[in-house]
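Please read the following walk through the chain with the structure open beside it, since each paragraph takes up one region and follows its neighbours.

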Amino acid sequence: MSKIIWMNFCQNIRNDIMEIKKELWGKSECGKEIFRYTMTNSKGAYVQLSSIGAGIVSVVVPDREGKLADVVLGYPDPMSYFGDGPCAGKIPGRYANRIAAGRFVLDGKEYDLPINNGPNHLHGGPEGFQNKVWESRVNGDSVEFLYYSEDGEMGYPGALKAVARYDWSEDNSLRLTITAESDAPTVVNLTNHAYFNLNGEGNGDILGHILKLNASEYLPTDDTLIPVGESEPVAGTPMDFISAKPLGRDIREDFPALNYGKGYDNCWIIDGAESGQIQSAAELHAPESGRTLEVLTTQPGVQIYTGNWLAGCPEGKCGRSYNDYEGVAIECQNYPDAPNKSDYPCAVLRPGEVYEQAIIFAFGVK
């Protein structure tokens, strides 16, 4: 399935010309221009992207009746994207997810990072990539964003250049390719933190959405959501999504992972993941609208976060603040705290190497 989607995606990109609109959306507090891009295919389905955190602002796709709706949570005011707790739609970095106690050792040297999530470092810190205005441009049928992270920024070693490229296809597939290079050894983990509600943003919770994961193991954590010990089988636990089930079916079970996060906020190990190979990670379906989403990636893990702490976020596009569980994030990435776990996939990027990962969000109906 994943190879077919990849081939169809590439064919659509080659054969169709995407309409791309660029507009000035605002200015940051320091006066930097913020741009918004709209990519529309010939069927009228479109994606909006922002230079704040190289983020996904909107994805407007049809339901089973052909009615278009925006299925991504976000804000009408661009300034709301700076420092928002949910990290809505953006690319967090330099290291997405958590690093225990904000410390890691690389080549014998210890590095200290800002603590911004309980006792841990989360998503690159309070001034992570998600809170930066990236450089941006239209490049053919793609939109590209670029960010230079200076040596020592948020405590990370090495000057790093990150590039995020988005492509939107005729069959409503959004491909994100992220590359990075550094002039000194560093650690990196980049993903996208979009929240999806396939009934349309602002249309209730996602607990009735049906999720299937290509993952027979997950990473148990301590109560601060740092992985501990080895991966464990999902079989016989509420973490089992091998067979599709509603997100809300087991979410209130008395189970450590669910108690710690007030819902799902864990990393699953993608079965059959191989470096550089596109693999299906997750399938999401909203029975009410009929919309579906398959997520494919080259990454080894997928963090599922059911929006357990969305309440209190900035006013959304629906005209109010979102409530808890109104969106689900499907974050394809390396494992949390990998810089401190020698048995996890390597998170180190060295000079002369290129970090490259891809994520495809393939929307459909059934």
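In this predicted model, Trp 268 is in contact, once its neighbours within four places in sequence are left aside, with Leu 213, Ala 215, Glu 217, Tyr 218, Val 234, Met 239, Phe 241, Pro 300, Gly 301, Val 302 and Ile 304. Trp 268 also belongs to the largest nonpolar core, a set of 67 residues, and is named together with Trp 168 and Phe 363 as having the most contacts inside that core. The element that gives the most to this core is strand β12 (residues 160-168), which supplies five residues.

One contact of Trp 268 can be described through ring geometry, and here the cut-off matters, because planes over 60 degrees apart count as edge-to-face when the ring centres lie within 6.5 Å. The rings of Phe 241 and Trp 268 have centres 6.2 Å apart and planes at 75°, so the pair is edge-to-face. This pair brings together distant parts of the chain, with Phe 241 in the loop between β18 (232-233) and β19 (245-246), Trp 268 in strand β20 (residues 265-269), and 27 residues separating the two. Both Phe 241 and Trp 268 are buried. The ring of Phe 241 has a further partner, for the charged end of Lys 245 sits over this ring, 4.5 Å from its centre.

Strand β20, which holds Trp 268, is part of an open sheet of six strands whose order is β15-β24-β23-β20-β17-β18, with antiparallel pairing. At the edges stand β15 (195-196) and β18, and because each has a single partner strand, one side of each is left without a neighbour in the sheet. Within this sheet, strand β17 (residues 217-218) pairs with β20 in the antiparallel sense over two bridges, and the bridge partner of Glu 217 in β20 is Ile 269.

Another group of antiparallel pairings centres on strand β21 (residues 279-285), which is mostly covered, five of its seven residues being buried. Strand β16 (residues 210-213) pairs with β21 in the antiparallel sense over four bridges, and in this pairing Lys 212 stands opposite Glu 283 in β21. Strand β22 (residues 291-297) is joined to β21 by six bridges, again running antiparallel, with Ser 280 having Leu 296 in β22 as its bridge partner. The strands β21 and β22 form a hairpin with five residues between them, and Gly 290 in the turn has a positive phi of about 85°.

A second open sheet is made of five strands in the order β1-β2-β3-β4-β5, with antiparallel pairing. Its edge strands are β1 (19-27) and β5 (68-70), each of which pairs on one side only. On average, and with direction ignored, neighbouring strands of this sheet are turned by 15° against each other. Inside the sheet, five bridges join strand β3 (residues 46-50) to strand β4 (residues 55-62), the two running antiparallel, and the bridge partner of Leu 49 in β4 is Ile 56.

Which aromatic contacts occur elsewhere in the chain? By the ring-pair rule, the count comes to 16 aromatic pairs. One of them is formed by Tyr 37 and Phe 145, an edge-to-face pair measuring 5.8 Å centre to centre with 90° between the planes. This pair, too, links distant parts of the chain, since Tyr 37 lies in strand β2 (residues 33-40) and Phe 145 in strand β11 (residues 142-149), 108 residues apart. Tyr 37 is buried, because its relative accessible area is 0%, and Phe 145 counts as buried at 1% relative accessibility. Elsewhere, Trp 25, Tyr 75 and Tyr 81 form one aromatic cluster, while the charged end of Lys 22 sits over the ring of Phe 35, 4.3 Å from its centre.

The last site to consider is a charged residue, Asp 337, whose place is in the loop between β24 (328-333) and β25 (348-349). Is Asp 337 buried or exposed? Asp 337 is buried, because its relative accessible area of 1% falls under the 20% cut-off. Not counting residues up to four places away in sequence, Asp 337 touches Tyr 95, Arg 98, Ile 99, Ala 100, Ile 226 and Pro 227.

Technical notes: Residues are numbered from 1 along each chain as its sequence is written. This is a predicted model: local features need pLDDT of at least 70, side-chain atom pairs count only at pLDDT 80 or more; totals for chains, interfaces and linings use all residues. Side-chain values use heavy atoms; hydrogens and water are left out. Rings of Phe, Tyr and Trp (its six-membered ring) pair if their centres lie within 6.5 Å; planes under 30 degrees apart count as stacked, over 60 as edge-to-face and the rest as tilted. Buried means under 20% relative accessible area, exposed over 50%, partly exposed in between (1.4 Å probe, protein chains only). A charge sits over a ring if NZ of Lys or CZ of Arg is within 6 Å of the ring centre and within 35 degrees of the ring normal. Two strands pair if DSSP finds at least two bridges between them. Axes are lines fitted to C-alpha atoms, for helices over the stretch in contact, and angles run from 0 to 180 degrees between N-to-C directions. A nonpolar core is a set of buried Ala, Val, Leu, Ile, Met, Phe, Trp, Tyr and Cys residues joined through side-chain atoms within 4.5 Å. Contact means heavy atoms within 4.5 Å.
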